[in-house]
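Here are my notes on the model you sent, set out point by point for you to check against the coordinates.

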Amino acid sequence: MERVIWNGVPWFDRDGNVVNAHGACIVREGDVYYLFGEYKTNDENRYNGFSCYSTRDFEDWKFEGMALSAEAGGLLGPGRIGERVKVVKSAVTGKYVMLMHTDDLNYSDPCIGVAVCDTINGSYTFAGPLLYKGEKVRKWDMGTFVDEDGTAYLLTHEGNIYRLNAECTEAEELVAENIAPGGESPAMCRYGGKYYIMFSQKTSWERNDNYYLTADNIAGPWVMKGLFCPEGSLTYNTQCSYIFDCQTAEGSIKMYLGDRWSYPRQASAATLVMLPLAFEGGNMRISRYMQAWRPADGSEWREPCIRPLAFCSDVKGEGRQAEFCVSGGRVYLFGAASDEGGYCRVEIRNSEGRAVNEAVIDFYSAVPMKGLRYVSPELKSGEYTLCVTALGESGEWFQKDGTRFGSKGRRVDIYGFAAEPDSIEKDC
Ligand code: GAL
């Protein structure tokens with residue numbers, strides 16, 4: 001079966017657990033892609049470790065373990081933040097170097113940290129703060145970029161670019177400064193001799209219209225180019241996190257990796273989105289949103305025949321069930337996300353009534369979005385029951401200045417489901 005990237009729905013690893021990796025990066029090693037991300041909790045921002053998963057196709061995910069766990073004390077100790085983990089390989093030492101944003105829970109002690117490992121998927125050793133001229137780099141949102149000659153760079157919020165030393169363990173030169181005032185979550189790539197750097201605006205976990213700049217030289221001058229997704233789409237409801245090279249049948253493409261956050265239930269309900277970046281005449285864009293697509297040839301997944309399943313509720317415990325049969329395939333749930341959306345629990349029970357998969361789905365989106373909300377792992381042939389239950393809760397969070405973000409309601413709004421391949425009903 002041709003592999004599909006399922007955007008904006010929870011992914012499951014080989015053990016059936018949700019892939020918990022956010023503010024992530026993807027590093028390729030041979031045919032294998034390693035995903036490193038924040039291993040979130042479902043209640044607060046506290047650092048809970050950085051996870052590592054591997055895949056060859058972005059659909060089959062193997063949990064490699066925790067790349068870095070909580071430290072007993074220090075920058076990543078109890079009561080600290082650890083975010084936006086990025087991994088680069090030193091061309092000189094061959095070691096893997098992990099950089100991350102460390103902070104206190106109020107985000108008032110930002111500092112970039114470093115951890116090192118001999119193997120990409122091993123257990124990284126925390127080495128302390130990243131230094132520039134002997135001082136801590138006191139920045140929060142960060143990213144990394146490795147140039148074609150192997151030189152690695154640290155990117156920070158507001159648009160500072162630091163060249164790292166050959167070991168990637170220190171910042172050696174500030175090559176560009178303050179190129180994106182107000183910008184967060186930097187991600188960068190090089191295409192056709194030009195550098196492209198993207199940023200989000202500062203709205204905490206809320207999505208906004210992200211933008212980009214270009215330059216012929218990494219030191220600048222950097223030119224503001226504007227948005228790379230349609231205005232008002234809030235970057236197709238994502239925050240940029242990373243850009244990586246992805247091999248397809250048609251060659252290498254630049255892949256956008258973004259976060260669809262879901263505070264406080266980040267571990268269960270925050271999701272990832274991957275879309276191909278297109279370049280033309282010095283401009284970069286994501287031409288269209290695809291809820292699911294095949295990276296092998298870029299083709300969009302076609303929705304199967306959707307069977308009606310109407311359920312709209314904001315009352316805790318209210319639910320709906322539907323029975324279905326699959327002959328070795330998946331079940332899909334379709335719904336409408338809105339600014340009044342809340343959380344819903346999805347459970348797939350087998351014929352003995354045992355839950356074979358469960359997930360928490362967020363129906364919140366500041367911009368209305370209809371479509372796939374849940375995709376099960378591949379199920380063995382058999383009869384199952386799909387159970388959806390409103391949790392009567394929704395995401396909300398506050399920025400430092402007290403501004404409230406998140407849902408105005410707690411609504412779960414489902415309109416249909418589908419099973420594929422479906423061994424019983426083939427009526428449309
Ligand atoms: C975002 C930032 C995230 C996280 C969040 C906390 O703007 O990109 O990494 O720090 O704020 O509110």
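The points below take up the ligand site and then one residue in a strand.

1. Please keep in mind throughout that this is a predicted model, and that the remarks below concern values computed from it.

2. The residues around the ligand are Glu 83, Arg 84, Tyr 107, Asp 141, Glu 184, Ser 204, Trp 205 and Gln 239. Sorted by class, this shell comprises 4 charged, 2 polar and 2 nonpolar residues.

3. Among the residues of the shell, some place polar side-chain atoms at short listed distances from ligand oxygen atoms, and these deserve a look in the viewer. For Glu 184, an N or O atom of the side chain is 2.3 Å from an oxygen atom of the ligand, while for Asp 141 a polar side-chain atom lies 2.5 Å from a ligand oxygen. Ser 204 likewise has a polar side-chain atom 2.8 Å from an oxygen atom of the ligand. The ligand taken alone exposes 300 Å², of which the protein buries 91%.

4. Turning to the strand, is Val 412 buried or exposed? Val 412 counts as buried because its relative accessibility is 0%, where the cut-off for buried is under 20%. Val 412 belongs to strand β35, which covers residues 412-420.

5. Leaving aside residues up to four places away in sequence, Val 412 touches Phe 311, Cys 312, Ser 313, Gly 342, Tyr 343, Cys 344, Phe 363 and Ala 390. In addition, the C-alpha atoms of Val 412 and Ala 337 are 7.9 Å apart in space, although the two residues are 75 residues apart in sequence.

Methods
Residues are numbered from 1 along each chain as its sequence is written. This is a predicted model: local features need pLDDT of at least 70, side-chain atom pairs count only at pLDDT 80 or more; totals for chains, interfaces and linings use all residues. Side-chain values use heavy atoms; hydrogens and water are left out. A residue is near a molecule or strand if one of its heavy atoms lies within 4 Å of it. A polar contact is a pair of N or O atoms within 3.5 Å; within protein, one must be able to donate a hydrogen and the other to accept it, and residues adjacent in sequence count only if both atoms are side-chain atoms. Accessible areas come from the Shrake-Rupley method with a 1.4 Å probe; for residues, only the protein chains shown count as cover. Ala, Val, Leu, Ile, Met, Phe, Trp, Tyr, Cys and Pro count as nonpolar, Asp, Glu, Lys and Arg as charged, and the others, Gly among them, as polar. Helices (H or I, at least four residues) and strands (E, at least two) are DSSP runs, numbered from the N terminus. Buried means under 20% relative accessible area, exposed over 50%, partly exposed in between (1.4 Å probe, protein chains only). Contact means heavy atoms within 4.5 Å.
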